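Trainee: Could you take me through one part of this model up close, namely how its pieces pack against one another? I'd like one connected walk through the contacts.

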Amino acid sequence: MIVKVENVSKAYYKIPVIREMSLDIERGERIVILGPSGCGKTTFLRMIAGFIPPDKGRLVIDGQTVADNGKSIIAPESRQVGMVFQDLALWPHMTSYKNIEFGLKAKRIPKTERKGRIDTILEKIQMVQFKNAYPGELSGGQQQRIALARALVTHPKILLMDEPLSSLDADLRQVLLREILRLQEELAITMIYVTHDREEAFSLATRIVVMKEGKIQKTGTVSQIKEWL
Amino acid sequence: MAKRLTLYITIFLFVGIGFVPVIVMFLKSFFVDDGFSLNTYGTLFQSNREWKLLFNTLSLAGATTFITVLLGVPLGTLFAKTDLPLRRFFTVIFIIPLLIPSYILAIAWFYCLGRAGIVACVLGEATGILTSNLLFSFAGTLFVMVSALLPIVIILTMTYLRMVNPDMEEAALLHCSWPVALRRITLPLISPGIALGALITFILTLAEFGVPSFLRFDVYSVESFTRLSAFYDFDSTTAAAVPLGVITIVVLIIERLFLRRKTFVFRTMGSENEMVIVPLGESKSYFLVVVSILVFIFVIAPLCVLLCKSLSPSAYSEAFIRSTGSIMRSLLYASVGATCLVIFGFFLGYILDRKILRFSYAADSIAVFLFALPGAVIGIGLSGLWNTQGTNFIYTSMVIIIFGYIAQYTALGERVMAATFPYVSRSMEEAAQIAGAGWYRRIFKVLVPLVKRGMIATWLICFIFCLRDVGITMMVYPPGHDTLPVRTFTLMANSPDNVISALCVIMIMITLLPLCGLGLVKKYIT
């Protein structure tokens, strides 16, 4: 088991956003958190990333307790997770290459290894020719690929994705979904994907967690959830 | 850990440099001959003079605010939202008075309306006496204060107008004409900006020392300075400063209650929709004439008077001889001060915007309180605290002036930076954090490059405010450390008019030249 969520709760200004949530995620799984806006799915993802501590409950990543009873024990930079943000958060003052390289530099990976890893990931996402381009010079889909490469290049144990395709048109979304799927299978990485789009959830997930008002309503495989919905 | 440590150290340093002197000064005033006593306050508030000072201070601040808003909002609207010809030129010209010490305007009007001024020379001595009496009165002080602070309301009106989502106005235009849309949609939307402009104008008028002092209009800030410089009586000086502190706190409470929650963000940066411009149509020439008259009265006339008065090589030569050291010191102190203020502003603005510490509002309140407090009062606090044998190395060096700048102007840096940080999505920083970057790497590799424009703007604004400062510097400058505004102010009593005018022109030039240089660099880069 790579992620263990035990009775986790979170409230903002005394309004509960996550209520007593528990979930176990196995290594290599593609979990999709599905739910309407405001159901707490992004909060849940940000708790796993370490940006916000849960008020109650315990979070365990790869056997290590990372947050317990309102206290964040391990900082986001040490949790070995990668994340693709809803707004992608590509740094506009850095080229694609520099954006991807940033995490490797922070982890003090030697230059030759850095270059190797970046070239490999750029090839995997078919973006080699855009490595010197700034985010502002890239299309939405290309930016998406760079954000994905940046999240994956540090070899995280878990990849978190917060509605990363929400701003793209339907055709491009399908193309990128297939690419995400291919990359996840190739790298055998655990993925937690947040979305409100059922079709997206059905095409990606090995398991779907349906959330409503801060609670898990139902967990199951794609076919089980299709039937339940 | 590194993040919290850095932020706590910033707050600690700021409070230590700026707030502690004021608090110590206040507490000291309760102890007379080593015993607790309210005598100083008792004596002070029994005199009728105190009530007159209170009335003068409040009426000047109130009237200045009222007229500034009355003129500034329409002017800001005309410059930002209409097709008025030469509107960029007018904007730049109207801003000049904000960049220079306001007493320079008072000097210019003195040369124009004084007993031996231009008007007296042209229209006769009797008229000169009349205009001089008018200038050295409430009306004259009010007029100069309005011309000095008008740019604040103009700039804020223009800034807030640019943030209005054009869709909101276009939705209204489906049902009504422009004047109605402006009155019922646009102006209510920018009301927080107008209120903020009014508040800043009120506070700056309260704190103003140069203009009332020059025009001999009795207000609290002048009283504090006089008590210290004439009698060197710390206790009564502090007591005289307390009403200003109380008024400042009341104004800040009003800001907290009514303005803080009304900060509208109408549209994000880089929004594709252009601002809707109001066509003036046939009224264009009428508005052009009115604005030209106003710009002439408020800016061009006083500047021309100074230029004409100083037009002789000997005046400039004399002015340079008397002030070269002061010019260099002004530029050095303002640069060091602005750099320190950018550093404080960066971290305090970050705390305020990201609300990561419990004391975010407390630190902000202290910064704004100190900004609103008259420079003379902060100067008294700094002198009282640092004028000891052990801390003489601070009191007798430029450090005391820099401390004064930090105390008074940190709010500027903090607020400009706090307004810049929202344009950098939190996820930018989080993405760096999750990639494994520590706090300092995130600061220098991600945050600083993304907010560098805001930092440059902060530096420039702080540089200008430090450069034009009179209140604090006048109070704390050690011998041999006077700046140009202080030098000009002290030379006024016993120097020829043409030399003083030349000094004022030099002051204006050294303020404007860095800005022009920066404008050219920006144009070149673009």
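Mentor: Sure, let's begin with chain A, which is divided into domain 1 (1-80 + 158-229) and domain 2 (89-155). Keep in mind that this is a predicted model. Taken over C-alpha atoms, the centres of domain 1 of chain A and domain 2 of chain A are separated by 24 Å. Their contact draws on 16 residues from domain 1 of chain A and 11 residues from domain 2 of chain A. Between them these two domains bury about 1100 Å², and carbon and sulfur atoms give 67% of that. On the domain 1 side of chain A, the residues that lose the most area to domain 2 of chain A are L159(A), E179(A) and L183(A), together 35% of what that side buries.

E179(A) is worth a second look. Its side chain meets that of R145(A) in a salt bridge, at 2.8 Å, N to O. The count between domain 1 of chain A and domain 2 of chain A is two salt bridges, and there are four residue pairs in polar contact, both residues at pLDDT 80 or more. Now for the elements involved: β8 (158-162) and α5 (170-187) of chain A each supply at least two residues of the domain 1 side that touches domain 2 of chain A. α5(A) gives the most to that side, with nine residues. By residue type, the domain 1 side of chain A that touches domain 2 of chain A splits into 12 nonpolar, no polar and four charged.

Next, step across to the other chain. Chain B puts 17 residues in contact with 22 residues of chain A. The area buried between chain B and chain A is about 1700 Å², with 64% of it from carbon and sulfur atoms. In chain B, the residues losing the most area to chain A are E430(B), I434(B) and A435(B), which together make up 34% of what that side buries. You'll find two salt bridges between chain B and chain A. In a salt bridge at 4.0 Å, N to O, the side chain of E77(A) meets that of R442(B). The rule also finds seven residue pairs in polar contact across the interface of chain B and chain A, again with both residues at pLDDT 80 or more. On the chain B side that touches chain A, α21 (426-434) and α22 (439-450) are the elements giving two or more residues, and the largest share, seven residues, comes from α21(B). The residues of that chain B side come out as nine nonpolar, four polar and four charged.

Last stop, inside chain B. Its domain assignment gives domain 1 (1-23 + 327-481), domain 2 (54-218 + 265-272 + 285-307) and domain 3 (495-526). I'd look at domains 1 and 3 of chain B, whose C-alpha centres lie 25 Å apart. Eight residues from domain 1 of chain B and seven residues from domain 3 of chain B make the contact. These two domains bury about 640 Å² between them, 92% of it on carbon and sulfur atoms. Across the interface of domain 1 of chain B and domain 3 of chain B, the rule finds zero salt bridges, and zero residue pairs in polar contact with both at pLDDT 80 or more. α16 (313-354) and α23 (452-468) of chain B are the elements that give two or more residues to the domain 1 side touching domain 3 of chain B. Six residues, the largest share of that side, come from α23(B). The tally for that domain 1 side of chain B is seven nonpolar, no polar and one charged.

Note on methods:
Residues are numbered from 1 along each chain as its sequence is written. Chains are lettered from A and ligands numbered from 1 in the order in which they are written. This is a predicted model: local features need pLDDT of at least 70, side-chain atom pairs count only at pLDDT 80 or more; totals for chains, interfaces and linings use all residues. Side-chain values use heavy atoms; hydrogens and water are left out. Domain bounds come from an automatic or database domain assignment. Contact means heavy atoms within 4.5 Å. Buried area is the accessible area (1.4 Å probe) that two parts lose on being put together, summed over both. A polar contact is a pair of N or O atoms within 3.5 Å; within protein, one must be able to donate a hydrogen and the other to accept it, and residues adjacent in sequence count only if both atoms are side-chain atoms. Helices (H or I, at least four residues) and strands (E, at least two) are DSSP runs, numbered from the N terminus. Ala, Val, Leu, Ile, Met, Phe, Trp, Tyr, Cys and Pro count as nonpolar, Asp, Glu, Lys and Arg as charged, and the others, Gly among them, as polar.
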